[in-house]
Amino acid sequence: MSRTDFIGQGKTIGIIGGGQLGQMMAISAKYSGMKVITLDPTPNCPCGQVADDQIVANYSDTSAIEELAERSDVLTYEFENVDLKALEDVKDKVAIPQGTKLLYITKHRIREKNFLRSAGCQTAPYIPVKNKSDLQAAVKTIGYNCVLKTCEGGYDGHGQEVLHSDADLTNDHIKQILSTGDCILEGWVPFKVEASVMVARNAMGEVSVFPVSENYNKDEILHMSIVPARISPDVYQKAQKIAVQIAEAIDLRGILGVEMFVLNNGEIYINELAPRPHNSGHYSIEACNFSQFDLHDRAICNWPLPKIKLMSKVVMVNVLGQHVAGIHKIIAEKRGWHFHDYGKAEIRHNRKMGHVTILTDNIAKTISDINATHIWDR
């Protein structure tokens with residue numbers, strides 16, 4: 001691709017998926033003068049609420065994918081589980097800058113780990129697993145603690161289980177995971193900090209890298225991100241450098257989330273890649289000169305990419321279904337809190353319903369303020 005692949009203002013971005021990531025992509029696109037059409041099976045989905053139009057259909061509906069392609073100038077997606085064949089079938093009808101290679105690699109954990117190793121990155125030890133006997137053999141090689149994961153379809157802790165001893169091999173969740181087909185057993189990484197870096201790249205080869213986020217999970221779901229990550233300057237720069245290294249190796253178009261483990265000795269292991277905007281990058285809407293959604297849209301349209309500046313220290317905390325009532329009670333009290341409601345119709349336990357972003361000059365005090373609300377107590 002070259003500069004001739006520039007997609008200017010007034011053109012249409014088609015988004016496969018209508019959740020909160022698509023919604024925030026669409027809001028950014030509208031600010032930039034673009035039109036947006038989303039494809040999602042849920043009427044009035046979060047993205048559909050802000051897009052110019054929504055095609056209400058299942059993601060497997062090939063005629064709907066074709067319609068989206070015909071009505072769009074460029075096609076993108078908000079999640080990994082996109083039908084690769086459907087994208088291949090419409091690549092002559094619409095620009096798909098991200099291509100299918102990125103999805104092919106990142107939607108399958110073994111292919112992803114193999115790619116990361118080939119790109120010169122460190123990862124946890126891993127072994128492919130298909131059945132119970134494979135699992136038993138893999139455990140003998142990797143040892144405890146370790147993590148069994150499905151190769152495809154897992155998110156927010158779904159499709160994975162930590163194994164601490166032989167007694168865990170027979171639990172029902174392990175059987176359920178193995179029944180899905182291809183799985184992977186990964187060794188446990190004794191990390192000091194979980195971190196992530198968003199990185200964007202366009203067709204001209206320009207790269208922009210975001211600050212490093214320090215992340216904390218509850219029940220395998222991202223709870224809080226602190227930016228900038230409280231790690232040494234050398235490790236911070238190393239994390240950003242690795243993210244750029246991966247973007248170059250995968251010939252990235254768009255934005256990529258790089259999830260990392262930082263060890264006590266400063267070594268960095270790459271955990272997973274997200275070929276799209278990422279929950280831990282939501283802070284960038286308020287805290288950076290350009291958000292991760294701005295950069296994704298600019299990159300897939302082959303616009304010049306700015307250098308990212310962090311304008312303020314920031315804490316981002318997720319709002320799940322069980323937190324919604326508490327958030328509604330404090331909105332009138334928290335003058336400096338940015339509340340994001342994704343507009344989902346159904347509130348469910350552990351479902352991402354929104355997030356809160358707090359710009360701050362005192363991270364410790366802000367975390368204390370968050371905890372004092374007791375909204376996020378277990």
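Contact here means heavy atoms within 4.5 Å, and with that in mind the tour of this predicted model can open at a single serine.

**First stop: Ser312**

Select Ser312, which sits in the loop between helix H10 (292-300) and strand S14 (313-320). Once residues up to four places away in sequence are set aside, Ser312 touches Ala287, Leu359 and Thr360. With Thr360 also displayed, look for the place where the side chain of Ser312 reaches the backbone nitrogen of Thr360, at 3.5 Å.

**Second stop: aromatic rings**

Next, turn to the aromatic side chains, among which the count comes to five aromatic pairs. Begin with Phe6 and Trp303, whose rings are stacked, with 6.2 Å from centre to centre and 25° between the planes. Phe6 belongs to the segment before strand S1 (12-16), while Trp303 is in the loop between H10 and S14, so this pair ties together parts that are 297 residues apart in sequence. If you colour by accessibility, Phe6 is partly exposed, because its relative accessible area is 39%, whereas Trp303, with a relative accessible area of 12%, is buried.

Move on to Trp188 and Phe191, an aromatic pair that is tilted, with centres 6.5 Å apart and 40° between the planes. Trp188 is partly exposed at a relative accessible area of 44%, and Phe191 is also partly exposed, at 30%. Add Phe261 to the selection, since Trp188, Phe191 and Phe261 form one aromatic cluster.

A ring of another kind of interest is that of Tyr104: display Arg111 with it, and you will find Arg111 lying over the face of Tyr104, at 3.7 Å from the ring centre.

**Third stop: helix H6**

Now select helix H6 (residues 132-142), whose buried residues are Leu135, Ala138 and Val139. Looking along the helix, you can see that they cover an arc of only 105° around the axis, which puts them on the same side of H6. An α-helix has 3.6 residues a turn, so residues three or four places apart point the same way. On the other side of H6, Lys140 and Thr141 are exposed.

What do the buried residues of H6 pack against? Show strand S5 (126-129), S6, strand S7 (160-163), helix H7 (172-178) and strand S8 (183-187), for these are the elements against which the buried residues of H6 pack. Before leaving, step just past the end of H6 to Gly143, which takes a positive phi of about 85°.

**Fourth stop: charged side chains**

The count of salt bridges comes to 18, and three of them are visited here one by one.

Select Lys93 and Glu70, whose side chains meet in a salt bridge at 3.6 Å, N to O. Lys93 is in the loop between helix H3 (84-90) and helix H4 (101-106) and Glu70 is in helix H2 (residues 62-71), so the salt bridge ties together parts that are 23 residues apart in sequence. Lys93 counts as partly exposed, at 43% relative accessibility, and Glu70 counts as exposed, at 56%.

Continue to Glu272 and Lys149, where the side chains meet in a salt bridge at 3.8 Å, N to O. Here Glu272 belongs to strand S13 (residues 268-274) and Lys149 to strand S6 (residues 146-150), so the pair ties together parts that are 123 residues apart in sequence. Are these two residues buried or exposed? Glu272 is buried, and Lys149 is buried as well.

Then select Glu214 and Arg230, which form a salt bridge with their closest N and O atoms 2.9 Å apart. Glu214 lies in strand S10 (residues 207-218) and Arg230 in the loop between strand S11 (221-227) and helix H8 (233-249), so parts that are 16 residues apart in sequence are tied together by this pair. At 3% relative accessibility Glu214 counts as buried, while Arg230, at 47%, counts as partly exposed.

To finish with the charges, display Arg109, Lys113, Lys149, Glu186 and Glu272 together, as salt bridges that share partners join these residues into one network.

**Last stop: Asn271**

Finally, select Asn271, which is found in strand S13 and counts as buried, at 9% relative accessibility. Which residues is Asn271 in contact with, leaving aside neighbours within four places in sequence? They are Glu112, Lys113, Lys149, Glu186, Glu259, Met260 and Phe261. Among these contacts of Asn271 are Lys113, Lys149 and Glu186, which also belong to the salt-bridge network, and Phe261, which is part of the aromatic cluster with Trp188 and Phe191.

Note on methods: Residues numbered from 1 in each chain as written. Predicted model: local features only at pLDDT ≥ 70, side-chain atom pairs only at ≥ 80, totals over all residues. Heavy atoms only, no water. Salt bridge = Lys/Arg side-chain N within 4 Å of Asp/Glu carboxyl O. Helix = DSSP H or I, 4+ residues; strand = E, 2+ residues; numbered from the N terminus. Buried < 20%, exposed > 50% of the residue type's maximum accessible area, 1.4 Å probe, protein only. Polar contact = N/O pair within 3.5 Å; in protein donor to acceptor, adjacent residues only side chain to side chain. Phe/Tyr/Trp six-rings, centres within 6.5 Å; stacked < 30°, edge-to-face > 60°. Lys NZ or Arg CZ within 6 Å of the ring centre and 35° of its normal. Arc of directions from axis to C-beta.
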